[in-house]
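Please walk through the arrangement of the chains and strands shown below, taking one surface at a time.

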2 protein chains.
Amino acid sequence: MTPAARRALAAAERLFYERGIHAVGVDLIAAEAGVTKKTLYDRFGSKEQLVVEYLADRDERWRAFLAPYLDAAEGSPAAGILAVFDASRAWAAEYSAKGCSMVNAHAEISDPAHPAYAIIAAQKQWMLGLFTDLAGAAAPGRGGRLGRALMLLHEGALVAHGLEVFPDPVGEARGEAEALLAAAGAEG
Amino acid sequence: MTPAARRALAAAERLFYERGIHAVGVDLIAAEAGVTKKTLYDRFGSKEQLVVEYLADRDERWRAFLAPYLDAAEGSPAAGILAVFDASRAWAAEYSAKGCSMVNAHAEISDPAHPAYAIIAAQKQWMLGLFTDLAGAAAPGRGGRLGRALMLLHEGALVAHGLEVFPDPVGEARGEAEALLAAAGAEG
DNA sequence: CTTTCACTATACAGATCGGTATACTTTTGT
DNA sequence: ACAAAAGTATACCGATCTGTATAGTGAAAG
């Protein structure tokens, strides 16, 4: 990716996330990035593609942000589950004031054939898989239901954070996750 | 509200919810409602006001939908909590294929001074109050934490439903709510 | 040395945006 | 019966939308 393309994508990510996809025009993105519209279209081809790369890049950055938290749990699946909530809490505080970008993008896209749809669906499936895998390792035979419960708590916490329903919802969700693990007799 | 205004609001609600607020123009709303743009502006004054009434009306319809479920619980707070999930499950199946309209609208509005903001915030506070009140009655002294946990499960379920993360998330959330109530030693 | 690539600057096209103006007809309440 | 309210139809406004075209600059690579 060229320097101008990087600046354009960075500006697009910030603007799309803060103001919404349809509310942000390509002229504004180009201006904020200090890039001409020609360059923007030479690199990305369309606004739709810019949206796709926005979501894909943000997902990639979230997974990279999460990785060291998971590594620190070192083979303990119960600790790994709590590590996801710890990572989410830090991520939410720093990058996610408006809630989950995937959920927000989904609210603005109606056509299931839109290429962003697949990214959004895949991101949620990856998170569900992560939770169910860890839950299955922590409490054999209960991974499915426990994983889905953790997914609900996690998604709910991101929404509650974005809408400021009450303080520290991700920390609260972590507490409930801990109780679920204890109730399921999870191995440390 | 005049007949044309009712048709216009009904069309606006459907289109805003299905396609998003910024993706829907007033010309389309007027056309789908079989109403001229003049009438639309005579009745509502602006698109912003139409958005406000969309959210306020949907919230009102949800509360009216929920009321008989709560009434059927007849003074049992634990049954009342499960009744909320039962109502949500039915509501989601019939009216909420794209998830929570408040969450989705919030994704498209960046200005906190927008009049829709207050409606969205109030709706979430009302739900949190409902959960904490019922939880406090079901398990005295634990209403706060239990209510917040129920709120997280409920919000997460609506998101998971809208994004089709796994089947019947609201039913799944109901099951987790039941377990939470049992663990808190809730009175029937 | 020259071709290629990344980039700037500016102007424009065609469509759609929210909102208004004009002129007329239909319904409704007293 | 009559006036006010509610409605239709249509044309228009300036702004903004995504996307393209034209012309030229600077640097790097073969």
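**The surfaces and the symmetry**

Six nonpolar, six polar and seven charged residues make up the surface near DNA strand D. The model is a predicted one. In total, 19 residues surround DNA strand D. The closest of them are G25(A) and K47(A) from one chain, and T2(B), A4(B) and T39(B) from the other. Two or more residues of this surface are given by each of α2 (26-33) and α3 of chain A, and by each of α1 (3-19) and α3 of chain B. The largest share comes from α3(B), with four residues.

DNA strand C can be read in the same manner. Around DNA strand C there are 21 residues, of which T2(A), A4(A), T39(A), G25(B) and K47(B) come nearest. The elements that supply two or more residues here are α1 (3-19) and α3 (37-44) of chain A, along with α2 (26-33), α3 (37-44) and α4 (47-73) of chain B. With four residues, α3(A) gives the most to the surface near DNA strand C. By class, that surface holds seven nonpolar, six polar and eight charged residues.

Next come the two protein chains and what they share. Between them, 34 residues of chain A are in contact with 34 residues of chain B, where contact is taken as C-beta atoms, placed from the backbone, within 7 Å. On the side of chain A that touches chain B, at least two residues each are supplied by α1, α6 (101-108), α7 (115-138), α8 (143-162) and α9 (169-183). The most come from α8(A), which gives twelve residues. This side of chain A has 18 nonpolar, eight polar and eight charged residues.

What turn lays chain A on chain B? A turn of 180°, with a shift of 0.0 Å along the axis, superposes the chains with an RMSD of 0.0 Å. This is why the relation is that of a two-fold axis. Which C-alpha of chain A is nearest the axis? That of G156(A), which is 1.8 Å from the axis. The same surface serves both copies, as 100% of the contact residues of chain A recur in chain B.

Note on methods: Residues numbered from 1 in each chain as written. Chains lettered and ligands numbered in written order. Predicted model: local features only at pLDDT ≥ 70, side-chain atom pairs only at ≥ 80, totals over all residues. Least-squares fit on C-alpha atoms with pLDDT ≥ 70 in both. Contact = placed C-beta atoms within 7 Å. Near = placed C-beta within 6 Å. Nonpolar A, V, L, I, M, F, W, Y, C, P; charged D, E, K, R; others polar.
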